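Here are a few exercises to work through with the model open beside you. Try each task on your own before you read its solution.

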Amino acid sequence: AAGTERGDIKETPEHWIQVLNLEPSRANLEELSVLLRQRPVSWVNEFIDLSGVMALSDLLELLEKKAFKKPSDFELMGMVLRCLRSLMNLERGMNAILGLNDDANSGLGTPRGRGGASHQLQQIAMCTDIKHDSADAKAVQCQALTLLSAAALFSEQGHDQVLAAFD
């Protein structure tokens, strides 16, 4: 099929980092979510090494900070959370979300925010504090709580960071 050749730029993690920064549409996030589940672990690791977790977290922060959220904003937030969930299925992805450095040169170490929670985990926690009653908002809250539960169960550090994210 067209667009699936090995050398196609759309197949590279670099391309998807750019997409997150420049064109975070529902269709693009849905495609990225599928890629994160279906590509080889080496592809996902490269996405993580290129600060893909931070790009997703930054997009989540941008959407979360909108004063007036439309249903499409909640939909995008849900898609970002789905991408993060795919990454959390891998130990390396979970470590990146928790800001735990498994390699000094990988760029996974992230600044700690309040109380020692990683920036990424704080952004997920912020999604639980949506002041909307819509079904879309509730769905985002449920997704975020599911991810926070997974982080808390992953390790003692994950548990501590989840608690710190709510302080």
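**Exercise 1: the cavity**

Which helices each supply at least two residues of the lining of the largest cavity?

*Solution.* Keep in mind as you go that this is a predicted model.

Step 1. Begin with the search of the whole structure, which finds 1 cavity of 30 Å³ or more. The space in the largest cavity is about 30 Å³.

Step 2. Now list the lining: Leu81, Arg82, Arg85, Gln143, Thr146 and Leu147.

Step 3. Assign these residues to elements. Helix H5 (71-88) and helix H8 (135-154) each supply at least two of them.

Step 4. Finally, sort the lining by character: 2 residues are nonpolar, 2 are polar and 2 are charged.

**Exercise 2: an aromatic pair**

Find the aromatic pair that involves Trp43 and decide how its rings are arranged.

*Solution.* Step 1. For a pair, ring centres must lie within 6.5 Å. By this rule the count comes to 1 aromatic pair.

Step 2. The ring centres of Trp43 and Phe47 are 6.2 Å apart and the planes stand at 5°, so this pair is stacked. The cut-off behind that word is an angle under 30 degrees.

Step 3. Look at where the partners sit. Both belong to helix H3 (residues 41-49), at positions 4 residues apart, about one turn of the helix. An α-helix has 3.6 residues a turn, so residues three or four places apart point the same way.

Step 4. Check burial, for which the cut-off is under 20% relative accessible area. Trp43 has a value of 6%, so Trp43 is buried. Phe47 has 0%, so Phe47 is buried too.

**Exercise 3: around H3**

Describe what surrounds helix H3, starting from its buried residues.

*Solution.* Step 1. The buried residues of H3 are Trp43, Val44, Asn45, Phe47 and Ile48. What covers them includes H1, H2, H4, H5 and helix H6 (91-97).

Step 2. Zoom in on Phe47. Leaving out residues up to four places away in sequence, Phe47 touches Pro13, Trp16, Ile17, Leu20, Leu32, Leu36, Gly52, Val53, Leu56 and Leu87.

Step 3. Turn to helix H1 (residues 13-22), where Pro13, His15, Trp16, Ile17, Val19 and Leu20 are buried. These buried residues pack against helix H2 (26-38), H3 and helix H4 (52-64).

Step 4. Compare the start of H3. Val41 lies in this helix and, at 46% relative accessibility, counts as partly exposed. Its C-alpha atom is 9.7 Å from that of Arg92, although the two residues are 51 apart along the chain.

Step 5. Just after H3, Ser51 takes a positive phi of about 65°.

**Exercise 4: the nonpolar core**

Which residues have the most contacts inside the largest nonpolar core, and which helix gives the most to this core?

*Solution.* Step 1. The largest nonpolar core has 48 residues, and those with the most contacts inside it are Leu32, Phe47, Leu56, Leu81, Leu84, Leu87 and Ile124.

Step 2. H5 gives the most to this core, with 10 residues.

Step 3. Connect this with the earlier exercises. Leu81, on the list of most contacts, also lines the largest cavity.

**Exercise 5: a buried serine**

Is Ser33 buried or exposed, and what does Ser33 touch?

*Solution.* Step 1. Locate Ser33 in helix H2.

Step 2. Its relative accessible area is 1%, so Ser33 is buried.

Step 3. Apart from residues up to four places away in sequence, Ser33 touches Arg82, Cys83 and Ser86. Of these, Arg82 appeared in the lining of the largest cavity.

Definitions and conventions
Residues are numbered from 1 along each chain as its sequence is written. This is a predicted model: local features need pLDDT of at least 70, side-chain atom pairs count only at pLDDT 80 or more; totals for chains, interfaces and linings use all residues. Side-chain values use heavy atoms; hydrogens and water are left out. Rings of Phe, Tyr and Trp (its six-membered ring) pair if their centres lie within 6.5 Å; planes under 30 degrees apart count as stacked, over 60 as edge-to-face and the rest as tilted. Buried means under 20% relative accessible area, exposed over 50%, partly exposed in between (1.4 Å probe, protein chains only). On a 1 Å grid over the protein atoms alone, a cavity is a set of points where a 1.4 Å probe fits but cannot get out, and a pocket is an open set with protein on both sides within 12 Å along at least five of seven lines; lining residues have an atom within 4 Å of a point. Grid points are joined across faces, edges and corners, and a volume is the space filled by probe spheres set on the points. Ala, Val, Leu, Ile, Met, Phe, Trp, Tyr, Cys and Pro count as nonpolar, Asp, Glu, Lys and Arg as charged, and the others, Gly among them, as polar. A nonpolar core is a set of buried Ala, Val, Leu, Ile, Met, Phe, Trp, Tyr and Cys residues joined through side-chain atoms within 4.5 Å. Contact means heavy atoms within 4.5 Å.
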